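Please open the structure in your viewer and keep the selection tool at hand. The stops below can be taken in order.

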Amino acid sequence: MRPLQRQHERSLLRKLFDECVRGEGHLVHLTGPTASGKSVLLGDFVSHVADSGARHLSASGSPSERALELGLINQVMDGAGLPPLSPAPEWDSGHPPEPLPPRVVLRLEELCLTLRDTAADTPLVLHVDDAHHTDAASAHCLLYVLRRLHRAPVMAVVSGRPFPHSGAAAPLGELAWLPHCTRIRLAPLDRSGVREIVSEYRAEADDQTVTDLVEITGGVPGLVRAVLDDRVDTSAGVSGRDRSTSRVRPGESYRVSFTEYLRRHDPSAVPLAKALAVMGESEPPEHSPLSTLSVLGDAETRDGLRRLRTAGFLDARGFRCPEAQAAVVDLMGPQERARTHLWCARLLHRDDAPVERIAHHLCAAEPEDQPWAVPILGAAAEQAMGRGEVGFAVDCLTTALACCDDEAARPRITLALAAALWRRDPSAATRHLLRLTRGSLVERLSACELYALVRGLLWMGHHAEVARVLSALPEPLRDPGVGGTALVVEARVTRAVCESTYPELSHLVPATDGPGPRGGIPAISTEVLRLKGAESLADVLGEGADRHAMVRAEEVLTNAGFGEHMVEAVFAALSTLVYADQLDRAAYWSQSLLGAADRSPLWTGQAHMMRAEIALRRGDLELTRHHARAALSSLPLPGWGAMAGLPLSHLLLVAEATGDRQEAAGVMAERVSEVVLRSRFGLHYLYARGHHHLNAGRDQSALADFTLCGELMVGWGLDTPSLVPWRGGAARARQRLGATDTARELVLEQQALVGPERHRTRGIALRDLAATLPPAERVPVLDEAVRVLDRAPDALEATRARLELADARESLGEAAEAAGLRERARRHRIGAAAPTAGDGAVPPAALPRAGSRIPARPTTAGLTKAETRVAVLAARGLTNRQISTRLHVTVSTVEQHLTRIYRKLSITDRRRITDVVAREHDMAL
């Protein structure tokens, strides 16, 4: 193998040898990092010496013989035909004193004389390889000999790596200062040298590939060849010309070569490389582990890093490629890696590095009984939560628990861990919360922490534990006014959460008088925004002024920053806008929520849930279904706790509106616990389930659900139709049961509760009222309902109102007006993607005139298979001729089937078929 890109060095060695042949002695100090090509260059030179007939005498150092005193110099003695030197008794542990003992000097003079006599007959080349591994005694002796040979025709070549600033072989560092010494240092290959190696592999390399090879290998020839070997291995069976190296991917050969060269370079550098690899493994990308160690390490560390960079193993930031770092990491077992991570953490802590950087290493080290690490990990977790990095926050707090030996602090860390876990899996977090309610652990929490514990327990419906914690509040803490701003905020937030969502327990939370904590706190501080979010929702559902609640809600959404620590406030504020019928504003803010990247599963799930609620209230059923399913896929259903009632209600209402009986059955099959029904979210579920029973003809069951929903809302002080218009559902159920007067009283009560600015809720109330009126009185009410619902906007409810208005006008003989209304409803449906009759949808059943008793809802069970097919196609809006073409029968046959269908279903109008034909009958076609 010829030397690569070493023509200057090759020519210089030959020139010096020619001068030696002419009688002039020379000393060459050849240095270069491991695998830099020294052996290839020297092999070429030795061949040249042999070809010229000169004599060659060699010796070499070895790591395994470094402790062998006088081992290297005795190789020279042996080559010269002299007996070996014996260690002097006065030498202590391999550190010979200066000057050398006379007995040793005499033997060295004998060696010098022998070498001169040999060189007198023929030129002599003395080569000492791997001199950096020589023992200290040999180094002193060799230096003595080389100083005295400069006038003899002897060419001495001492090769090895650059000598360290300190160490046993340091005396050979004086070679560079000898007047007859020529220094040759082999630098890593440049682009042309790398390209030359590539050509040996008969591979074609473009400029980018050569650049990549230089960056990955640092120009170290051995590493370049290792990368190319990996390339050849992966290109087996491919012709040489096709073996392009355009994709440089270091593999196993590179990893093995890198670690081997690292060991050969300097065994003492391996621990340093391991520390660098481990630090780079946990350091954030914006920090260079190499610069960190260079700044924080001692002089020996800095010198070792400098030599690794000079050797080409490192670049300005650290390892040149991930494979190199991974290869070094693989040299360590789990325990060594953990110890190294802990060492890195201590080093960074000593230099007051940012807590996040220290925490990364502490989490990887998994230390125990390290109290100094607890506050660092806690601070890092808090910062991570602010950035939305929930996983890292959980790791920090889990590690903090392992490090903490303070029994008083452990409950607080556990509570913080539960709060972080909450964003990923509330059910897992609840296990930690329940642990805090046992024994005396709860007594170690502050009042603020107790309120946080209560809100977490409420989510999963642990009402008994909540009541026990709140009842056990020490008397001084039951007056938040004396506990400072933080306690006032936590108490009021907890009370507002209970009032809006878990009203059964609101009386247990101490009340606080006054407008709220101010005292110099900025209006957009986290504390105030959390309070405004919670209380705006409580106000809009209670007796508070809508306008003020909406202003506060928008203030929260504008200034919250959508951090994980603001998740409760953000979704409370969004719910405020939804329940206030400010759907356009709510849609705008919810879109911002879903657009935020890298959010926790809980954040993402709640964002989808709010989008589903908004889409449902705007009549976009497909969007509602999409977001409701996305919400349930973000977290398993048990993890939603009481909130599970909301996405289930979304899916159930969409299934009822579209006639998807299969999906409705799937939702009804989900087990809904008592936890759901004891919360605001249970009201949504009861209302949806009531409509499911109503559409299935189970009027008594529907009335029971609507009535229970109403009783809870009245009893909880949440009786606002914009939350759930339960009276409208109960009125329709009662009217079907023949109690029209009672039904009208219910919808009149509902209408009286609706504020003037809640257009959607008012439109629904008008539609419900119209259903209890005679056709002549029904028309103006439905006209108003259509106008209001168009302003809401709710495409589904507006379409329903138009269809009911068409029915009313048709019953008054206004067929043309009715047809026009149906056409507008169809266009409105297409524009807003809200399904109506004719698409397999099941709109609410048209109610008969006031005062008449509604018979039990008919079913298709009595229809034949042929009649069922005709009924389904007729419900989808096909004409008789279209049905005959579809089923390959005559038009007369279709008419006969329809006559029997009308009789069996007790209807007189083709449009009434949609009231009883379910969408699943499509499968029969």
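What follows is a short tour of a helix residue, some cysteines and a charged patch.

The model is predicted, so local features need pLDDT of at least 70 and side-chain atom pairs count only at pLDDT 80 or more, while totals for chains, interfaces and linings use all residues. Residues are numbered from 1 along each chain as its sequence is written, and side-chain values use heavy atoms, with hydrogens and water left out.

Select Leu72 to begin, which lies in helix H3 (residues 71–79); helices are DSSP runs of H or I with at least four residues, numbered from the N terminus. Leu72 has a relative accessible area of 3% and is buried, where buried means under 20%, exposed over 50% and partly exposed in between, with a 1.4 Å probe and protein chains only. Add Ser58 to the selection: 14 residues separate Ser58 from Leu72 in sequence, and their C-alpha atoms are 10.0 Å apart.

Go next to Cys404, which is buried at 8% relative accessibility. The closest cysteine sulfur to that of Cys404 belongs to Cys403 and is 8.6 Å away, too far for a bond. A disulfide is counted as a pair of cysteine sulfur atoms within 2.5 Å, and by this rule there are zero disulfides. Cys181, another residue to select, is buried with a relative accessible area of 14%.

Finally, select Glu368, in the loop between helix H15 (355–365) and helix H16 (374–387). Is Glu368 buried or exposed? Its relative accessibility is 59%, so Glu368 counts as exposed.

Terms used
Helices (H or I, at least four residues) and strands (E, at least two) are DSSP runs, numbered from the N terminus.
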